[in-house]
Amino acid sequence: MIVDPGPWTLDVLVIGAGPAGCAAARLLAQCGHQVLMIDRPAGDRHALAESIPPSAQRVLSALGMRNAVDAAGFEPWLGNTVWWGLSAARVEAFAPGEAGYQVERGRFDALLRTLAAEAGVHIRSGRVHDVDPGVSATIDSAGQTHIVTARFMLDCSGRAGVIARKGLRVADTSHRTVALAGIWRAAQPWPDEQRGHTLVASHADGWAWSVPTAPDTRYVTVMVDPERSHLTRGASSVEVYRAELAKVTPFTPFLNSAEPVDGPWGADASLYGTRRHAGPGFLLVGDAASFIDPLSSFGVKKALASGWLAAITANTVLTTPGMTEEAMSFFEQREQAVVASFRQQAVQFAADAVDGGNHPFWQARFAKPEDLDDGPDPAALACDPAVLAALDDLRRRPGINLRQSDQVRTDLRPAIRGNVIVRQEHLFVPAWPVGIRYLRNIDLLTLVRLAPDYRDVGDLYEAVLRASPGVSLPDFLGTLATLIARGALRHEV
């Protein structure tokens, strides 16, 4: 839906109308800001189908988008079937009752644009140039040129990088990757064990994945290094696509029962990053700042989360100027941490795929990035021996007598509260030198301060529930065990 914005003076200019742009624009409009979002002109927008994990539902809910996405009729993502490296095929199903979404990006993005417009976002089709961040930009739209003034700008333009390419974009020169995608349709619905499953397979020269978008339809994509394939020797994309698919032997059975109905088409999937994510009057959001390896399957979730955080940062800057420096720094650190985390994950996938062999495609892709401490990972803590030992000890004790450790200190750090970034007390112990306030959505400071008043774990849980309704018992027990294992709480004899 294209809406005439009227006056071209506004609070926020959002460049790009993909998931990151729509997420940011919608939330900012809901905060009461006048927002203009520029969508690139319509054209041939062949796009990949993508899998959105169940964990993305939390950010969709925060943006007020989940109900509409649930109702849109996308195929559910129920898990993965994986053939990787020399390992046997493995099935990775989500927990019962959990499902993500298998989406055609064209339809998914159109839904998000509609939701942004319903929130009051003004949308124009056009091209943006001559950008002076936080001041003005020139927009060519409907045959006319307009000068837009905006107090803040979000570059959500993806690979185009309208602001990012002004000396901030950094390409990964170690290798290039092109995604070749096609749509396949079977005469009969896919076998039951494949329904709702993304199929992923590696081979010596690359990898492939297949996303179901209907009971009988799949997008099938191969990842090709153009420097090491016939793409650089004049072969057609169809020839290269067919040659690469022939290497993906686990896909052969279902491709033999299907026919290609569209494609292949290509999309640049080469990696890049940025020198910084924030600057005076602007933020680089989602793929405008960095492109993560599709191996992660978290591209759309990353874009939505980045848009959500960018909107909160911009809202803070616009409504609480005194928090500008801290809000921009908070955004910078969080985005750097997310990129580093996904990059480390992709490196591990590449190392597993190569299995010690001398395969150039994979050797170029598992250079170890620098480690980055991004705070505790709840999933990792659930398997941590010290946490498990503390949890077992809690279960064996007839009662508790917990005290705050002498190692604990508190200090003010930026944190998200509602739709703004505020200064908030954080808990510090040697195990968490950068500070932490929440784990599994539980306020750690509240728990540390409540614990000495109770001698029964159940009574302490009830007190935490009164302070934070909705906390599950497993999350509470895991968090309490973590505080003991990390030295924030100790048992008093």
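How many aromatic pairs does the count come to? In this predicted model, the count comes to 10 aromatic pairs. One of them is formed by W83 and F251, whose ring centres lie 6.3 Å apart with the ring planes at 75°, and the pair is therefore edge-to-face, since planes over 60 degrees apart are counted in that way. This pair links distant parts of the chain, for W83 belongs to strand β5 (residues 79–83) whereas F251 sits in the loop between α5 (237–247) and α6 (252–256), and the two residues are 168 residues apart. W83 has a relative accessibility of 21% and so counts as partly exposed, while F251, with a relative accessible area of 0%, is buried. The ring of F251 also pairs with that of F254, and because the centres are 5.3 Å apart and the planes stand at 55°, this pair is tilted. F254 is likewise assigned to the buried class, because its relative accessibility is 4% and buried means under 20%. Together with W190, the residues W83, F251 and F254 form one aromatic cluster.

The chain as a whole may be described next. It contains 14 helices and 27 strands, and of its 493 residues 51% are buried. When contacts between residues at least 6 apart in sequence are considered, 69% of them join residues at least 24 apart. The accessible surface of the chain amounts to about 21900 Å², and carbon and sulfur atoms account for 51% of that surface.

In soluble globular proteins, nonpolar side chains tend to be buried together. In the present model, the largest nonpolar core comprises 54 residues, and those with the most contacts inside it are M37, F152, L154 and L283. Helix α7 (residues 299–319) gives the most to this core, contributing 10 residues. The surroundings of L154 can be listed in some detail: when its neighbours within four places in sequence are left aside, L154 is in contact with V12, L13, V14, I15, A24, L28, L283, V285 and A310. A second core, separate from the one just described, has 32 residues, and among them are L394, L427, Y454 and A488.

Strands of a sheet pair through backbone hydrogen bonds, either parallel or antiparallel. One open sheet in the model is made of 3 strands in the order β22-β23-β24, with antiparallel pairing. The edge strands of this sheet are β22 and β24 (432–436), each of which pairs on one side only, and the twist from one strand to the next averages 40°. Strand β22 (residues 409–417) is joined to strand β23 (residues 420–429) by 9 bridges, and within this pairing P414 stands opposite R423 in β23. These two strands form a hairpin with 2 residues between them, and G418, which lies in the turn, has a positive phi of about 65°. On the other pairing of β23, 2 bridges connect it to β24 in the antiparallel sense, and V429 stands opposite W432 in β24. Helix α7, already named for its contribution of 10 residues to the largest core, lies across β22 and β23 and runs at about 110° to β23.

Key: Residues are numbered from 1 along each chain as its sequence is written. This is a predicted model: local features need pLDDT of at least 70, side-chain atom pairs count only at pLDDT 80 or more; totals for chains, interfaces and linings use all residues. Side-chain values use heavy atoms; hydrogens and water are left out. Helices (H or I, at least four residues) and strands (E, at least two) are DSSP runs, numbered from the N terminus. Buried means under 20% relative accessible area, exposed over 50%, partly exposed in between (1.4 Å probe, protein chains only). Contact means heavy atoms within 4.5 Å. Accessible areas come from the Shrake-Rupley method with a 1.4 Å probe; for residues, only the protein chains shown count as cover. A nonpolar core is a set of buried Ala, Val, Leu, Ile, Met, Phe, Trp, Tyr and Cys residues joined through side-chain atoms within 4.5 Å. Two strands pair if DSSP finds at least two bridges between them. Axes are lines fitted to C-alpha atoms, for helices over the stretch in contact, and angles run from 0 to 180 degrees between N-to-C directions. Rings of Phe, Tyr and Trp (its six-membered ring) pair if their centres lie within 6.5 Å; planes under 30 degrees apart count as stacked, over 60 as edge-to-face and the rest as tilted.
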